[in-house]
Amino acid sequence: MNFHLRFIVMRCFNIANCSGAAIAAAGFLLGFTMQASTAAADPKEVGVWYDDTGKGAVKIEICTPTTLCGKIYWLKEPMADDGQPKIDRYNPEPSKRTRPICGLPVLGDLEKISDGGFDNGWVYDPKQGKSFSVALDLLGPDTLKVTGYKGMRFLGKSFIWTRAPSDLPSCDSQAALPPVPVPVPAIRKKQASNAKKSKTASGASKLGAADIAKSSHHKKKKVAKAAVTAEPPPVASNP
């Protein structure tokens, strides 16, 4: 393609009355070549990756001509217990604790290094509210090793991320869905039912005990009355 492009361009230089069609063709080929070169230059680390927990995914992008960055793209559970979108509640800066987790920047300033990977960047963990240095190493087309460290890289901790499917929905689209009501666990229903039965049984037991006590009291009174009635009259003594 480059040969044909050079041929058309040189011919236009040599022929004064070069046609507009030839110039347009040269421009088209030049633009196509530049687009192909740009696409080929995109690092393979670019894309959407599931993190090691499988509960979140990060979209890695080219942020400057020489660095990569990333933000949270997908969450398995985008909503908190109160039904609201999750926020950066553990951030050490109080002013940032209301930031939504969806779209939160978690990678930045990653630079290409000589061995082919990326290093000298930072990673933010919203579960801890802490930042670390980070390096990326592509282990395969769909496998990425992410190493977070403080100070020396070889003392850091590595995690394996896997490439997510292209049709993975973003957490923005997830947040747009109506909240799903949280069902009451069956065990709670059973406990409530048992508590109700126990309360009813307890009330019945108290009523039964009162009835028994009342009946016993009446029986005692009847027995005492019978004993008085059955007692023989005094016998008169002979003079």
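**Figure 1. Pairing of strands S2 and S3, which run antiparallel and are joined by eight bridges.** The structure shown is a predicted model. Strand S2 covers residues 56–64 and strand S3 covers residues 67–75. The connection from S2 to S3 is a hairpin made through two residues. Within this pairing, Glu61 has Cys69 of S3 as its bridge partner.

**Figure 2. Pairing of strand S1 with strand S2.** Strand S1 consists of residues 47–50 and runs antiparallel to S2, to which four bridges join it. Across the pair, Val48 is placed opposite Lys59 of S2. These two strands also form a hairpin, with five residues lying between them. One residue of the turn, Gly54, has a positive phi of about 80°.

**Figure 3. The largest pocket of the model, which holds about 1100 Å³ of space.** The pocket is lined by 35 residues, and those closest to its centre are Asp51, Ile72, Asp125, Pro126 and Lys127. Sorted by class, the lining comprises 18 nonpolar, five polar and twelve charged residues. Several strands contribute at least two lining residues each, among them S2 and S3 from the first view, and also S5 (118–125), S6 (130–140), S7 (143–149) and S8 (157–163).

**Figure 4. The surroundings of Ile113, in the loop between strands S4 and S5.** Strand S4 spans residues 105–112. Is Ile113 buried or partly exposed? Its relative accessibility is 22%, and therefore Ile113 counts as partly exposed; the cut-off for a buried residue is under 20%. Leaving aside residues up to four places away in sequence, Ile113 touches Phe118, Asp119, Asn120 and Arg153. Ala135 lies 22 residues from Ile113 along the chain, and the C-alpha atoms of these two residues are separated by 9.8 Å.

**Figure 5. The whole protein, given as context for the close-up views, with four helices and eight strands.** Along the sequence, the elements follow the pattern α-α-β-β-β-β-β-β-β-β-α-α. The protein has 239 residues, of which 24% are buried. Among contacts with a separation of 6 or more, 40% are made by residues 24 or more positions apart. The exposed area of the protein is about 17300 Å², and 61% of this area is supplied by carbon and sulfur atoms.

Technical notes. Residues numbered from 1 in each chain as written. Predicted model: local features only at pLDDT ≥ 70, side-chain atom pairs only at ≥ 80, totals over all residues. Heavy atoms only, no water. 1 Å grid on protein atoms, 1.4 Å probe; cavity = no way out; pocket = protein on both sides within 12 Å on 5 of 7 lines; lining within 4 Å. Points joined across faces, edges and corners; volume = space filled by probe spheres on them. Nonpolar A, V, L, I, M, F, W, Y, C, P; charged D, E, K, R; others polar. Pairing = 2+ DSSP bridges. Buried < 20%, exposed > 50% of the residue type's maximum accessible area, 1.4 Å probe, protein only. Contact = heavy atoms within 4.5 Å. Areas by Shrake-Rupley, 256 points an atom, 1.4 Å probe, with all protein chains shown as cover.
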